Amino acid sequence: MSAELSPITAWTFQSEIAIPKDIGPILVAGEQPIAAYKTFRDSAVFTDRRLVVRDAQGMTGKKVEMYSIPYSSINMWSSENAGTFDFNSEIELWTRAGHIKINLGKGVDVRKLDHLIAHVVLGGGR
């Protein structure tokens with residue numbers, strides 16, 4: 001009997017979007033954004049060095065929590081495409097901080113995202 005690992009957090013990427021113009025101030029010198037996805041309340045941006053997930057909170061959305069996951073902390077990942085009766089795709093990341101689950105909306109190509117993660121984690125992004 002195997003124990004199910006529950007994620008430390010879970011996000012939903014609804015669709016690929018243009019890279020937000022206001023991402024610049026949080027990037028370090030030389031860091032380049034690669035792709036961005038709409039989340040429930042904000043966005044997630046893949047750079048050449050990390051994944052940054054912004055989560056607007058509260059009624060006005062002015063309070064923003066930021067998650068930054070350096071690719072060097074990702075030990076393993078998995079991807080699952082949607083099936084006949086299961087309409088959801090997902091990506092799971094196992095990091096030094098714990099397990100993270102990313103649910104993917106119909107507007108996200110799971111194989112494209114899987115390739116992006118492979119590219120940056122395995123060293124092709126730098």
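Tutor: Patches are made of residues with over 30% relative accessible area and no salt bridge, nonpolar side chains being joined within 5 Å. The model considered here is predicted.

Student: Which residues make the nonpolar surface patch?

Tutor: I26, V64 and M66 make a nonpolar patch of about 220 Å² on the surface. Of these, M66 lies in strand β5, residues 63-70.

Student: Why does M66 count as partly exposed?

Tutor: Partly exposed covers the range between buried, under 20%, and exposed, over 50%. M66 counts as partly exposed because its relative accessibility is 37%.

Student: How many salt bridges does the structure hold?

Tutor: A salt bridge requires a side-chain nitrogen of Lys or Arg within 4 Å of a carboxyl oxygen of Asp or Glu. The structure holds six. One of them joins the side chains of E16 and K112, at 2.9 Å from N to O. This pair links distant parts of the chain, 96 residues apart: E16 belongs to strand β1 (residues 9-17) and K112 to helix α1 (residues 110-121). E16 is partly exposed at 35%, and K112 is partly exposed at 45%.

Student: Which residues are joined into one network by salt bridges that share partners?

Tutor: D22 and R54 form a salt bridge whose closest N and O atoms are 3.0 Å apart. D22 is in the loop between β1 and β2, while R54 is in strand β4 (residues 50-57). The side chain of R54 also meets that of D42 in a salt bridge, at 3.4 Å from N to O. D42 is in the loop between β2 and β3, 12 residues from R54. Through shared partners, D22, D42 and R54 thus form one network.

Student: Are R54 and D42 buried or exposed?

Tutor: Both R54 and D42 are buried; R54 counts as buried because its relative accessibility is 13%. D22, by contrast, is partly exposed at 47%.

Note on methods: Residues are numbered from 1 along each chain as its sequence is written. This is a predicted model: local features need pLDDT of at least 70, side-chain atom pairs count only at pLDDT 80 or more; totals for chains, interfaces and linings use all residues. Side-chain values use heavy atoms; hydrogens and water are left out. Patches are made of residues with over 30% relative accessible area and no salt bridge: like charges are joined within 9 Å, nonpolar side chains (Val, Leu, Ile, Met, Phe, Trp, Tyr) within 5 Å. Accessible areas come from the Shrake-Rupley method with a 1.4 Å probe; for residues, only the protein chains shown count as cover. Helices (H or I, at least four residues) and strands (E, at least two) are DSSP runs, numbered from the N terminus. Buried means under 20% relative accessible area, exposed over 50%, partly exposed in between (1.4 Å probe, protein chains only).
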